[in-house]
Amino acid sequence: DERWKPRSGGKGRTEWIIRNKKPILTYTKEDAEKWYEQPDAKDYIGQKFASWLGVPIQFGEDILGVIATYHKTDEYKYGPDDQTILTLMGRQAAIALINARLVRQLYTRINELDVILELVEHLSQNAISA
């Protein structure tokens, strides 16, 4: 699906957060319009939201994604406390993603070792019967 391809080279807020490893909080629609007036900024949605907050999903120095929330009409919907909470949620999400990756790697390694064990057992049986 085209919408889910990595956009690290893009120029939207999500990509900015990924590149800069910093959150973005816009309190008003005017703040959002000013953000998009920056050089190399691009609005992919075509709509400026009244309130927008986005934070990196970060584990150490690695950025795994972005969590963002917005309100179309209400300004000052989010503030520094919301940013702190969303940042903490992003850290927890990063830990969960890393743990899931480690579990997947563990199961892959277990499957590889099972194949090796079967091969060794087969070779041992052939050596005994020879």
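**Exercise 1. In this predicted model, find how β2 and strand β3 pair, and what joins them.**

Step 1. Nine bridges link β2 to strand β3 (residues 62-71), and the pairing is antiparallel.
Step 2. Read off partners in β3: Val55 is bridged to Ile67, and Pro56 to Val66.
Step 3. Look at the connection. β2 and β3 make a hairpin with two residues between them. Gly60, in the turn, has a positive phi of about 65 degrees.

**Exercise 2. Work out the strand order of the sheet and state which strands stand at the edges.**

Step 1. Turn to the pairing of β2 with strand β1 (residues 24-26): these two run antiparallel and are joined by three bridges. Ile24 is opposite Gly54 of β2.
Step 2. Combine the pairings. The result is an open sheet of three strands in the order β1-β2-β3, paired antiparallel.
Step 3. β1 and β3 each have a single partner strand, so they are the edges, and one side of each has no neighbour in the sheet.
Step 4. From one strand to the next, the twist averages 15 degrees.

**Exercise 3. Decide whether strand β2 is largely enclosed or largely open, and name the helices that lie across the sheet strands.**

Step 1. Apply the cut-off: a residue is buried if its relative accessible area is under 20%.
Step 2. In strand β2 (residues 51-59), seven of the nine residues are buried, so the rest of the structure largely encloses this strand.
Step 3. Helix α1 (residues 13-20) lies across β1, β2 and β3, at about 35 degrees to β2.
Step 4. Helix α3 (residues 80-129) also lies across β1, β2 and β3, and runs at about 35 degrees to β2.

Note on methods
Residues numbered from 1 in each chain as written. Predicted model: local features only at pLDDT ≥ 70, side-chain atom pairs only at ≥ 80, totals over all residues. Heavy atoms only, no water. Buried < 20%, exposed > 50% of the residue type's maximum accessible area, 1.4 Å probe, protein only. Helix = DSSP H or I, 4+ residues; strand = E, 2+ residues; numbered from the N terminus. Pairing = 2+ DSSP bridges. Axes fitted to C-alpha atoms, helices over the stretch in contact; angles between N-to-C directions. Contact = heavy atoms within 4.5 Å.
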